[in-house]
Amino acid sequence: MPAALTLRALTAQQDQLAPGHGLCAGCSESIIVRQVLAALGRPAVVALATGCLEVATTRYPWTAWQVPTVHNAFENAATTISGVEAAYRALARRGKVSGEPPVFVVFAGDGATYDIGLQWLSGALERGHRFLYVCLNNEGYMNTGAQRSSATIQGTWTTTTPVGTVVPGKPQWRKDVTAIVAAHHIPYVAQAAPHHWKDLMAKVQKAAAKQGPAFINVLAPCNRGWRFEPEETIRLSRLAADTCVWPLFEVDEGAWKLSYRPAQKRPIVDWLKAQGRFSHLLDPQRQDLALEVQSRVDQEWQQLLSRCGSG
Amino acid sequence: MTTTIARRGTKRPPVPGTPVAMNGAALVAHAMRQVRPDVVAAYPITPQTVITETFSEFVANGRVHTEFVPVESEHAAMSACIGAACAGARVQTATSGPGLALMWEVLGIASGLRLPIVMHLCTRALSAPIDILCDHSDAMAMRETGWVMLVGENVQEAYDNAIMAVKIAEDPRVSLPVANLLDGFVVTHCMERAELLPDDAVTEFVGEYSPTHPLLDLQHPVTVGALDFHDYYMEHRRQQEEGMANAKQAVEHAAREFASLFGRSYGLLDTYQLEDAEVAMVVIGSAAGTLRMVVDGLRREGVRAGLLRVRCLRPFPSQEVANALKGVQRIGVLDRSLALGAAGEPLWSDVVAALATHGAGHPVTGWVYGVGGRNTPPGQFRQAFLALLDPATQPGRAGYLGLRERR
């Protein structure tokens, strides 16, 4: 049975990710992982891509994981879980494993998902393995010190798109991996963010009930890479949804549905001014760039509304 | 003397096989079916494709109950094998040349995590220039990734090795992946007479796999693939080397058990006319057949020629190689790949190091042959033998057999 999504029921559960790991103060990843594992209500077997979560939680001879966990390499977490899931089916058929089948879960960053591992993810989705892939999207390669990824938006300062005299941060927009995954026509695809825990956890429960692959792209605010104070993590998460730079929605059996529509859509400048990585965009001389970001966000939001039939 | 060829007139083994006419790839696919892997993840590539196709047919027709994971690349093939092996499954794959190169990162992970995966490697030249034919560049580039490497000579041996590989890999003192090398096209595609063993005898020979810390033991959760640094990495590497050292015994143990049941005996090495040889060649793979014929010819002319075929490339049986070559005055090594910029080619380097370490520092001359699938006729091997007899021939790189030199 999936866990009841009440704070009383959830706080009674034992955390599947133990404290004492090495993630930064203010990191959203441990929050998201605990939300995901608490929502399942069934044992999980986890595959990790190389990244912040993996290095901070599996420092030999310690581990923060209370569930079976495997790390293979950077790009191949989806394929690793394919193998685990295939093994489960084979061993179950031969009576070598028994009991309630576990949920096979991947945690991977946007580097592992959008960039280096996109092919591995695509292959696993097409083959139809039963697993839940959670992208912890902090919009850059934060484990290696805040470099650009294809999830980083235009104008962002990163260490490989520095704000120079000639180039003002990342020149390109981001790619829409959630839509790319949805184009695989798998049973369940969603975007979520940790401030809306009930929405995120309900999505995890829907995903885990599916007979095939499921994908949830979760915005993972990173105070070190984005340059904000550690206590602001959840506020940043909410701001992303309210400015529509990170809309919350789901694609359930092919049906697009908006999960959250801000009562009043906030201007992107609220998002930009909350983070040091965008501070150069507040310069009046770079107003054009800020306006361009606003226009891309608006365009994507309108497209999403029309996909969800609520345009 | 051990040879890999079942000798006629020897007594009938306890478990006789059925004679078949089959190519190496198809027969290896039968071995895969008979060892009953839980999971096979593979991606087709010439000349390995026949293995993946044949095995897919076995799955499609219910002749084996394996989860076949038709991955999108060789890197994914090995990645899925790693996941499945961590889960506690018996796992196999197969590849060739560029496919192996694409896997390289995860080859080391399979070994570092001590996963008893078996991979059939149909040897193929590496790009560029692109070439689908046989040489050993792919195999030589994986020597340091921590895989036990068995090298067969013919269809029968590729099949027998495929079966023994499972036992070696899953031996708890070893717990390492094993590569079963068979020469691309020469062995994979050439039809030979061979013996197919009974299914149940093979299944019984390899036994059930009992993993020690499977991921799917939900009551005892483990973290696999944790982060090591300076404080533990070196010890873990050392343990891996211990597993590799133990593999030598495991190869011999599996071979003895195999011989007692099925009648064909194998060792770490395969020697031919080596006891009284004054001149000998060292080789791996399918070229040994031609070389035996050349040795016979030289013997008829009064030249005491011999042959040493290395069957176990990793762990390299240094002591055994040195012992086998102890009495040989002039030694040649035939390499089917280049080690660009190195002191000598890969097999040559291993042989020289073995002789230097174990007190028989005879001069060793090396030739490159058959690269990119070039045919090496017996006359060229004969020329190399004759050159070894020439006192003017120096140790080290002697050059290429069958190369068209620029004028």
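Two helices count as roughly parallel when the angle between their axes is under 35 degrees. In this predicted model, that criterion can be applied to a pair of helices in chain B. The axes of helix 6 (residues 155-170) and helix 7 (residues 199-206) of chain B approach within 9 Å and cross at roughly 30°. Helix 6 of chain B and helix 7 of chain B are therefore roughly parallel to each other. On the side of helix 6 of chain B, the contact is formed by Tyr159(B), Ile163(B), Met164(B), Val166(B), Lys167(B) and Glu170(B); helix 7 of chain B contributes Val202(B), Phe205(B) and Val206(B). Sorted by class, this contact comprises 7 nonpolar and 2 charged residues, with no polar ones.

The next topic is the boundary between the two chains. The size of an interface is often given as the accessible area lost when the parts come together. For chain A and chain B, about 3300 Å² is buried between them, and 58% of this area lies on carbon and sulfur atoms. Chain A supplies 42 residues to the contact and chain B supplies 44 residues. Within chain A, the residues that lose the most area to chain B are Arg59(A), Tyr60(A) and Arg94(A), which together account for 18% of what that side buries.

Charged pairs also span this boundary. Across the interface of chain A and chain B there are 7 salt bridges. One pair that includes Arg94(A) is its salt bridge with Asp38(B), at an N to O distance of 2.8 Å. A salt bridge of 2.9 Å, N to O, is found between the side chains of Arg127(A) and Glu72(B). Arg127(A) belongs to helix 6 (residues 118-127) of chain A, whereas Glu72(B) sits in the loop between strand 3 (67-69) and helix 3 (74-87) of chain B, so the pair joins two chains. The relative accessibility of Arg127(A) is 17%, so Arg127(A) counts as buried, the cut-off being under 20%.

Over all chains, the whole structure holds 39 salt bridges, and further examples occur inside chain B. Asp171(B) and Arg173(B) form one, with their closest N and O atoms 2.7 Å apart. The partners fall into separate accessibility classes: Asp171(B), at 12% relative accessibility, counts as buried, while Arg173(B), at 41%, counts as partly exposed.

Another salt bridge connects Arg299(B) with Asp276(B), whose closest N and O atoms lie 2.9 Å apart. This pair links distant parts of the chain, 23 residues apart: Arg299(B) is in helix 9 (residues 287-300) of chain B, and Asp276(B) is in the loop between strand 10 (269-272) and strand 11 (279-283) of chain B. Arg299(B) is partly exposed, with a relative accessible area of 21%, and Asp276(B) is partly exposed at 38%. Elsewhere in the list of charged pairs, salt bridges with shared partners join Glu153(B), Glu157(B), Asp270(B), Arg292(B), Arg309(B) and Arg311(B) into one network.

A final example comes from chain A. Leu304(A) lies in helix 12 (residues 287-307) of chain A and is buried, with a relative accessible area of 5%. Leaving aside residues up to four places away in sequence, Leu304(A) touches Pro247(A), Phe249(A), Trp256(A) and Leu258(A). Of these contacts, Leu258(A) is 46 residues from Leu304(A) along the chain, and the C-alpha atoms of the two are separated by 8.1 Å.

How values were computed
Residues are numbered from 1 along each chain as its sequence is written. Chains are lettered from A and ligands numbered from 1 in the order in which they are written. This is a predicted model: local features need pLDDT of at least 70, side-chain atom pairs count only at pLDDT 80 or more; totals for chains, interfaces and linings use all residues. Side-chain values use heavy atoms; hydrogens and water are left out. Axes are lines fitted to C-alpha atoms, for helices over the stretch in contact, and angles run from 0 to 180 degrees between N-to-C directions. Helices (H or I, at least four residues) and strands (E, at least two) are DSSP runs, numbered from the N terminus. Angles under 35 degrees count as roughly parallel, over 145 as roughly antiparallel, 65 to 115 as roughly perpendicular and the rest as oblique. Contact means heavy atoms within 4.5 Å. Ala, Val, Leu, Ile, Met, Phe, Trp, Tyr, Cys and Pro count as nonpolar, Asp, Glu, Lys and Arg as charged, and the others, Gly among them, as polar. A salt bridge is a side-chain nitrogen of Lys or Arg within 4 Å of a carboxyl oxygen of Asp or Glu. Buried means under 20% relative accessible area, exposed over 50%, partly exposed in between (1.4 Å probe, protein chains only). Buried area is the accessible area (1.4 Å probe) that two parts lose on being put together, summed over both.
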